[in-house]
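This report describes the fold and selected local features of one protein model. The sequence and coordinates are shown first, and the discussion follows.

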Amino acid sequence: MAHDLLDRLRERLEELNRSERKVANVILEDPTAATSLSIASLAQAASVSEPTVNRFCRNFGAKGYPDFKIKLAQSLAGGTPYVTRAVEPGDTATQYTHKIFGATIAALDEAQREVDMAAVERMVDYLTQAKQIHFFGLGASGAVAQDAQHKFFRFNLPVMAYVDVLMQRMVAAACHTGDVVVIISYTGRTRELVDIAKVAREAGAVVLGITAPNSPLSQECTATLEVATPEDTDHYMPMTSRVIQLTLIDALATGVTLRRGEDFLPHLKKIKDSLRDTRFPVEKPTK
C-alpha cells in the first residue's frame, strides 16, 4: 500500500524512544519537505545525531536514509497522507486549524480507497426500492441521520430521521416488508443500535449500516458500508468520522437520483425552485 510508511510512522509514534520520536515528528510535520532534507539537516531539525536518524530508518524497514527517503516519496505519491497529529494544548489557531483540515482531508482520501463500490450499489438498490426509509443515529451520527432525511425526502417517499433510542426502538418494531432502516454508527458497538437493528430486521425491514468493519452492528445488518477512520472516540471529539458519514450519504443520495433517471429531475427542480423566494437577491456590485 502506498501509505504504509506514513501510516506506520503515525501508528508507532508512541512506541519510539525519545530521540526517534523527534525524528518522526519532524517528518510527520511536513513529509514533503522531509524528502528534500539531507541526513544532516534532518538530524539538526530533530536535535539528534545522524546515527540516530539511520537507526530510525532501519527501524522502519529501510536500508538507510536514502532508501527511507525513496519509501517516503512513494508514500506521498499514493495520495494524501494522514500526517496530522493530535491537537496539543499550546497550539496556535494556525496550527490546530491546519491539523483539523489535514486530518479531515486525509481521512476522506483513505475512506475513498477503502469503500466497497459493490456495497454502494447494493445499498442504492435497496434505497431505490424502499416504500419508506428511516435513518437512525445517536450523538454526532444523529446529525448525519438528520442530514440524510434532508436529502432523501426529495425522492417523494416517506423519510424520517430519529435520534432518540426509544423512538428508534418503537419505529423498528413497527416496520414492515418494504421498509428500509439505515443505522449510522462510527464504532458499530453501541448496544442499543445493535439491538434495534435486530428488532427492525425481525419485523421485516431491510437494515443498512454505515459503520465500522466487522462490528457487532455490521453483523446484524442486511448490507453495510464499512469504513474505518483513524479517530479515537475515547479521547477526542468525533470529527473526521462525521464528515466521512456525510460524504457516504451524499454518494447514496446521488446514486438514487441517477437510478430515478431524467424523468425525476423536474421533481427535484420543483423543490429547489420553491426556495427561491425565501432568499434575498444577490446584489450586483456597483462600479
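Ser241 lies in helix H13 of this predicted model. With a relative accessible area of 4%, Ser241 is buried, because the cut-off for that class is under 20%. In sequence, Ser241 and Thr104 are 137 residues apart, yet their C-alpha atoms are separated by 8.6 Å.

**Helices H13 and H7**

Besides Ser241, the buried residues of H13 are Thr240, Ile244, Gln245, Leu248, Ile249, Leu252, Ala253, Gly255, Val256 and Thr257. Helix H7 covers residues 93–114, and Thr104 is one of its buried residues. The other buried positions of H7 are Lys99, Ala103, Ala106, Ala107, Asp109, Glu110 and Ala111. These buried residues of H7 pack against H13.

How far apart should the ends of H7 be, at 1.5 Å a residue? For its 22 residues the expected span is 32 Å, and the end C-alpha atoms are 32 Å apart, so expectation and model agree. The corresponding check on H13 gives an expected 30 Å for 21 residues; its end C-alpha atoms are 31 Å apart, which agrees as well. Just after H13, Gly261 adopts a positive phi of about 85°.

**Packing of H13 with H9**

Two packed helices are described by the angle between their axes and the distance between the axes. Helix H9 spans residues 140–152 and helix H13 residues 240–260; their axes come within 10 Å and cross at roughly 20°. Angles under 35 degrees count as roughly parallel, and H9 and H13 are therefore roughly parallel to each other. Their crossing is right-handed. On the H9 side, the contact is made by Ala140, Ser141, Val144, Asp147, Ala148, Lys151 and Phe152. On the H13 side, the participants are Arg242, Gln245, Leu246, Ile249, Asp250, Leu252, Ala253 and Val256. Sorted by class, this contact holds nine nonpolar, two polar and four charged residues. Among the H13 participants, Gln245, Ile249, Leu252, Ala253 and Val256 also belong to the buried residues of that helix.

**Packing of H4 with H5**

Which residues of H4 meet residues of H5? Ile39, Ala40, Leu42 and Ala43 in H4 meet Glu50, Val53 and Asn54 in H5. By class, the contact of H4 with H5 comprises five nonpolar, one polar and one charged residues. Helix H4 runs over residues 39–46 and helix H5 over residues 50–59, and their axes come within 9 Å and cross at roughly 100°. That crossing makes H4 roughly perpendicular to H5, because angles of 65 to 115 degrees fall in that class.

**Loop residues**

Most residues other than glycine have a negative phi, and most peptide bonds are trans. Ser47 has a phi near 60°, a positive value in a residue other than glycine. The phi of Asn156 is likewise positive and near 60°, again in a residue other than glycine. Ser47 lies in the loop between H4 and H5, whereas Asn156 lies in the loop between H9 and strand E2 (159–162). A third loop residue, Arg12, is found between helix H1 (4–11) and helix H2 (18–29).

The accessibility of these three positions is tabulated below.

| Residue | Relative accessible area | Class |
|---|---|---|
| Ser47 | 58% | exposed |
| Asn156 | 61% | exposed |
| Arg12 | 22% | partly exposed |

Since exposed residues are those over 50%, Ser47 with its 58% qualifies. Asn156, at 61%, counts as exposed on the basis of that cut-off. Arg12 counts as partly exposed because 22% lies between the limits of 20% and 50%.

Which residues does Arg12 touch, not counting those up to four places away in sequence? Its partners on that basis are Asn59 and Phe60. Arg12 and Val23 are 11 residues apart in sequence and 13 Å apart in space, C-alpha to C-alpha.

**The protein as a whole**

The protein has 14 helices and five strands. Its C-alpha trace spans about 65 × 65 × 35 Å along the principal axes. Of the 287 residues, 41% are buried. Among contacts with a separation of 6 or more, 69% come from residues 24 or more positions apart. The pair Ser241 and Thr104, 137 residues apart along the chain with C-alpha atoms separated by 8.6 Å, illustrates proximity across such a sequence distance.

Terms used. Residues numbered from 1 in each chain as written. Predicted model: local features only at pLDDT ≥ 70, side-chain atom pairs only at ≥ 80, totals over all residues. Heavy atoms only, no water. Axes fitted to C-alpha atoms, helices over the stretch in contact; angles between N-to-C directions. Helix = DSSP H or I, 4+ residues; strand = E, 2+ residues; numbered from the N terminus. Parallel < 35°, antiparallel > 145°, perpendicular 65-115°, else oblique. Left-handed = near helix turned anticlockwise from the far one by under 90°. Contact = heavy atoms within 4.5 Å. Nonpolar A, V, L, I, M, F, W, Y, C, P; charged D, E, K, R; others polar. Expected span 1.5 Å × (residues − 1). Buried < 20%, exposed > 50% of the residue type's maximum accessible area, 1.4 Å probe, protein only.
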